[in-house]
Amino acid sequence: MSRSVVYARRAAATVALGVLAVGCQDTAREEAARTGTPPPSPTASASATPSPSPVATTAANTAEVCREVDRVILTGSRKIATDSAASVTRDLTGEQVADQLRRNLAELADDVRAQARQAADPEIRALIEETADRIDAGSRASRPAAWMDSTFTGIPPKLTRECRA
């Protein structure tokens, strides 16, 4: 089996694991994102009329931005997996597969960075920018498939834990 085939299969398998990790999201966060409203405060008075507050706006924006980052990473992961699988049939060399993976990762980092600019909460913005920087590091790695194995697979679970309203 040629080295390019081994690289392509390894990258595709790694991306598939990443896609599965992204798909396993916290259902409470998804529910909050679907409804667009945070749960009522336990100290809120029944007669009080809700008024817009910076916290509620930030929380709603955070859920939206986190959901969109999840979608961007899932879409980017699928593209990487598709391109990696296609590289097997095109009989690309290992270096060509690595270059393609680097380009895909650079595009994904740019897409994630664009979502960071949408975040109203500075902590969430910093988290998403850090995520984009980590993905960018993979686009510069000498062995991007190995970087995917060691680093990329940890990104979706971290976002699931830390990117929430």
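Arg-113 is partly exposed, with a relative accessible area of 21%, a value just outside the buried class because that class is reserved for residues under 20%. The model in which this residue is described is a predicted one.

**Helix 4 and its salt bridge**

Arg-113 forms a salt bridge with Asp-110, and the closest N and O atoms of the two are 3.7 Å apart. Both residues belong to helix 4, where they are separated by 3 residues, about one turn of the helix. Asp-110, for its part, is also partly exposed, with a relative accessible area of 47%.

Helix 4, which spans residues 94-116, also contains Asn-104. Asn-104 counts as buried, at 7% relative accessibility, and, when its neighbours within four places in sequence are left aside, Asn-104 is in contact with Lys-79, Ile-80 and Asp-83.

**Helix 3 and the partners of Asn-104**

Two of the residues that Asn-104 contacts, Lys-79 and Asp-83, are themselves joined by a salt bridge in which the closest N and O atoms lie 3.0 Å apart. Lys-79 and Asp-83 both sit in helix 3 (residues 54-89), 4 residues apart, which is about one turn of the helix. Their accessibilities fall in separate classes, since Lys-79 is partly exposed at 36%, whereas Asp-83 is buried at 19%.

**Salt bridges within helices**

The structure holds 9 salt bridges, and the table sets out some of them, including one in helix 7 (residues 155-162).

| Salt bridge | N to O distance | Helix and spacing |
|---|---|---|
| Lys-79 and Asp-83 | 3.0 Å | helix 3, 4 residues apart |
| Asp-110 and Arg-113 | 3.7 Å | helix 4, 3 residues apart |
| Glu-162 and Lys-158 | 4.0 Å | helix 7, 4 residues apart |

In the helix 7 pair, Glu-162 counts as partly exposed at 39% relative accessibility, while Lys-158 is buried, with a relative accessible area of 16%. Elsewhere, salt bridges that share partners join Asp-110, Arg-113, Asp-133 and Asp-136 into one network.

**The aromatic pair**

How many aromatic pairs does a search of the whole structure find? The search finds 1 aromatic pair. This pair is formed by Trp-147 and Phe-152, whose ring centres are 6.1 Å apart and whose planes meet at 45°, so the arrangement is classed as tilted. That angle is neither under 30 degrees, as stacked rings require, nor over 60, as edge-to-face rings require. Trp-147 counts as buried at 10% relative accessibility, and Phe-152 is likewise buried, with a relative accessible area of 0%.

Methods
Residues numbered from 1 in each chain as written. Predicted model: local features only at pLDDT ≥ 70, side-chain atom pairs only at ≥ 80, totals over all residues. Heavy atoms only, no water. Phe/Tyr/Trp six-rings, centres within 6.5 Å; stacked < 30°, edge-to-face > 60°. Buried < 20%, exposed > 50% of the residue type's maximum accessible area, 1.4 Å probe, protein only. Helix = DSSP H or I, 4+ residues; strand = E, 2+ residues; numbered from the N terminus. Contact = heavy atoms within 4.5 Å. Salt bridge = Lys/Arg side-chain N within 4 Å of Asp/Glu carboxyl O.
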